[in-house]
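Work through the exercises below with the structure open beside you. Try each task before reading its solution.

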Amino acid sequence: MAGLRLRSDSRDKMADAMPEFVHYEIRDQVAVLTVDNPPVNALSPGVAEAIDAAVERAAADPEARAVVLIGAGTTFVAGADIRFFETITAREASLERSHAIHARLRHIEDCPKPLVAAIHGTALGGGLEFAMACHYRVAAATAGVGQPEVSLGIIPGAGGTQRLPRLCGAPMALEMCTLGQHVPAARAATEGILDGVIEGDLLVGAMAFALEKSSSNGVRKSRDLNLKIAETGAALAACARTREGLKKTARGAHAPYAAVNAIEAGIRLGFDEGSRREIEIFADCVLSTESRAMVKLFFAEREVPKIPDVPKDTPALEIRTAAVVGAGTMGGGIAMNYANAGIPVLLKEVTQEALDSGLATIRRNYQSSVSKGKMTPEQLERTMVLITPTVTYEGFEKVDIVTEAVFENFDLKKATFTELGRVTRPDCILASNTSTLNIDEFAKSSSRPEKVIGTHFFSPANVMKLVEIVRGRETAKETIATCMKLARKLNKVGVLVGNCFGFVANRMIAYYMREAYLLLEEGARVEEIDAALVEFGMPVGPFAMQDIAGIDVGARIRQYLRSIGKERSEGPQCPVPDWLFEMGRYGQKTGAGWYRYDAGSRTPVVDPLIEGLANKAAAERGVDRRAISNDEIIARIMTALANEGANILEEGYALRAGDVDVIYVQGFGFPRHRGGPMFYADTVGLPVVLGRVREYRDRFGDYWTPAPLLERLAASGGTFYGWSAERRGIGA
Ligand code: T1G
């Protein structure tokens, strides 16, 4: 197999030192071009050039009647090299680069011999754009295609907004470019993006397809296709509809609108002018804070499993069977996670009645998936069979892990761990789903501390992606490695955190809620605060969120703390949530909380009673209520988060700023386009954030104390992300 690096006329000494990005080979009169840039064949500098050069060589090669472009390894080309985006700092540079790549794709498309992309794994972003510049596309049945740029705060920048609508029509292109989702091969073929799905060997099938084209109708250029957008009026109407829909779904992100604008330009102005608009819009996007945030998050999510002192090769146990203690909301959801992953699970409750009720809830949840078409009735039954209900510890000696999800009560959990230490094998992992309590105490009770760990799922546990993996003082590295791996198997995002009160997620949410409560006392209305946060991009505001989660949860934690003579540390305690708890207003589940809910409805209705309670609380604290702007609401709440996040980082309870951000994004739906609370603070500027903390201390009191790390970074011109990159470690 002959190797090829750059176009022959541009080879130089530098190129000789570069890896071989495209392999060139003639097989049965077909030039097979194999892109080889592990791990995902991203278009790193030099790759696009190498593909172009290889196509040119094939065009001139008398041995080749047709050309196939395929990827080496596990996937076709997964798009541009995302690391490269951070190096683009000037609009001119972006424009120049985009013009060059557009020209290169036209050059490829002008190949006089049939050029077929053979897709396995995924053709994403620039990968799909290269495939669309080929004359035909075939794919393995398991493959997928997508324009996921929007999830990086950008739009397709190599002609995707122009070629895609010409292949599949405006509505489908709009859907793909604004949602960014992967489209499976079968649907892509139906929609006209693919020309065939190959059963059996992909390369063999693609070569046969290419040869067939060389003896029939030859080449077909996507850019010349006008068929599907011939009905310009309908296509423009689809753009308008999509924009309208984005008002609900984009949550303040800009890139989805930018994608619509680029597609619309192509429909109105044709391929060439549309391409010019795409290049300009792409440049605006790639330089935006939104894109910087989403790129940071992309890498933060992939860094989360990397734990400095628990390297990748740390032995991990295979979890084949599991048990869950407690069949309440959390326990039931966790058992579903195991069953969904095909892991048989024992589900234990104290009474048959509680067990039956837990199982009925699980079945209802699955039934709802069936009615939404996400599961077949057969799958439901197959999954339910994996959950074995029990009221005894019989069978616990066989399981590899037990997740304890009993009521959030310290003594009860401690007693459960003592029991679990007795009834399970010595190598069985004992995991607690506590959201706040000290797992080192449970470790002691179990007499097997190295096997004890926290796995803190978020409610509803079968839906929410986040699991905080809580490292105790004596948790073994093998136990951590096993639980990180298990989280992936359960289709969750596991983030390692240290063992402090509330861990990372709940510790931060306490400060988030404190500020929301105090803003209420000071004069902002519940619905105003919620609306401000929704406008910022949160899926729901803090009060509506608490109505979903249950006001009783926090109230019981406060009750427990008071019972052991402790106070929560996040600042002045607003009494209103406790008053609501005493009134039995727990939120949606009781039909009233911060809002009222009509029977059977989840729509919050403003309740004047809350203003009465807020007035009373303000009077008790001697606060004069006043009108508060949305800007102040956001600044206060985000500053509270960043300041406490800084404490968490410096104390070592999270490994990196990115880990805190992933927790907040996955656990609470913090808007991805803002990156997470720590990246958001970096973009606001740490001197500004510090200035706010100091201002609030002067206005409101010493509970606003600047985090030492925030002070140091603000003084030195640093950022949370920069600091994290330099310093790794985690407290336990
Ligand atoms: N660039 C750089 N690195 C990438 C990368 C990329 N495009 N994709 C993945 N990686 C790294 C990743 O950081 C990780 O590194 C390793 O590869 C494995 O990834 C011109 C503007 C392809 C579905 O958005 O969706 O094209 O942590 O753990 O679960 O219009 O990676 O091992 O060091 O995710 O098997 C559009 C992003 C770019 C695709 C594979 N493309 N990638 O998933 O592995 S914009 C994307 C993915 C663009 C054009 C534009 C997934 C995957 P490390 P992984 P995976």
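## Exercise 1: Polar contacts of the ligand

Task: In this predicted model, find which polar backbone atom lies 2.8 Å from an oxygen atom of the ligand.

Solution. Start with the backbone. A polar backbone atom of G157 lies 2.8 Å from a ligand oxygen. The protein covers 70% of the 1000 Å² of accessible area that the ligand has on its own. Next, take a side chain. An N or O atom in the side chain of E149 is 2.8 Å from an oxygen atom of the ligand. Last, turn to a ligand nitrogen. It sits 2.9 Å from a polar backbone atom of I82. Each pair falls within the 3.5 Å cut-off for a polar contact.

## Exercise 2: The shell around the ligand

Task: State how many residues surround the ligand, and which element gives the largest share.

Solution. Count the shell: 25 residues surround the ligand. The closest are A80, G126, E129, R302 and K306. Sort the shell by type: 16 residues are nonpolar, 4 polar and 5 charged. Then sort by element. The largest share, 3 residues, comes from α13.

## Exercise 3: A sheet and its helix

Task: Give the strand order of the open sheet of 3 strands, then find the helix α5 that packs on the sheet.

Solution. Read the order: β6-β8-β9, with mixed pairing. The edge strands are β6 (122-124) and β9 (183-184), each pairing on one side only. Now follow one pair. β6 and β8 (residues 144-146) run parallel over 3 bridges. Here L124 stands opposite G146 in β8. Finally, add the helix. α5 packs on the sheet and touches β6 and β8. The direction of α5 makes about 95 degrees with that of β6.

Note on methods: Residues are numbered from 1 along each chain as its sequence is written. This is a predicted model: local features need pLDDT of at least 70, side-chain atom pairs count only at pLDDT 80 or more; totals for chains, interfaces and linings use all residues. Side-chain values use heavy atoms; hydrogens and water are left out. A residue is near a molecule or strand if one of its heavy atoms lies within 4 Å of it. A polar contact is a pair of N or O atoms within 3.5 Å; within protein, one must be able to donate a hydrogen and the other to accept it, and residues adjacent in sequence count only if both atoms are side-chain atoms. Accessible areas come from the Shrake-Rupley method with a 1.4 Å probe; for residues, only the protein chains shown count as cover. Helices (H or I, at least four residues) and strands (E, at least two) are DSSP runs, numbered from the N terminus. Ala, Val, Leu, Ile, Met, Phe, Trp, Tyr, Cys and Pro count as nonpolar, Asp, Glu, Lys and Arg as charged, and the others, Gly among them, as polar. Two strands pair if DSSP finds at least two bridges between them. Contact means heavy atoms within 4.5 Å. Axes are lines fitted to C-alpha atoms, for helices over the stretch in contact, and angles run from 0 to 180 degrees between N-to-C directions.
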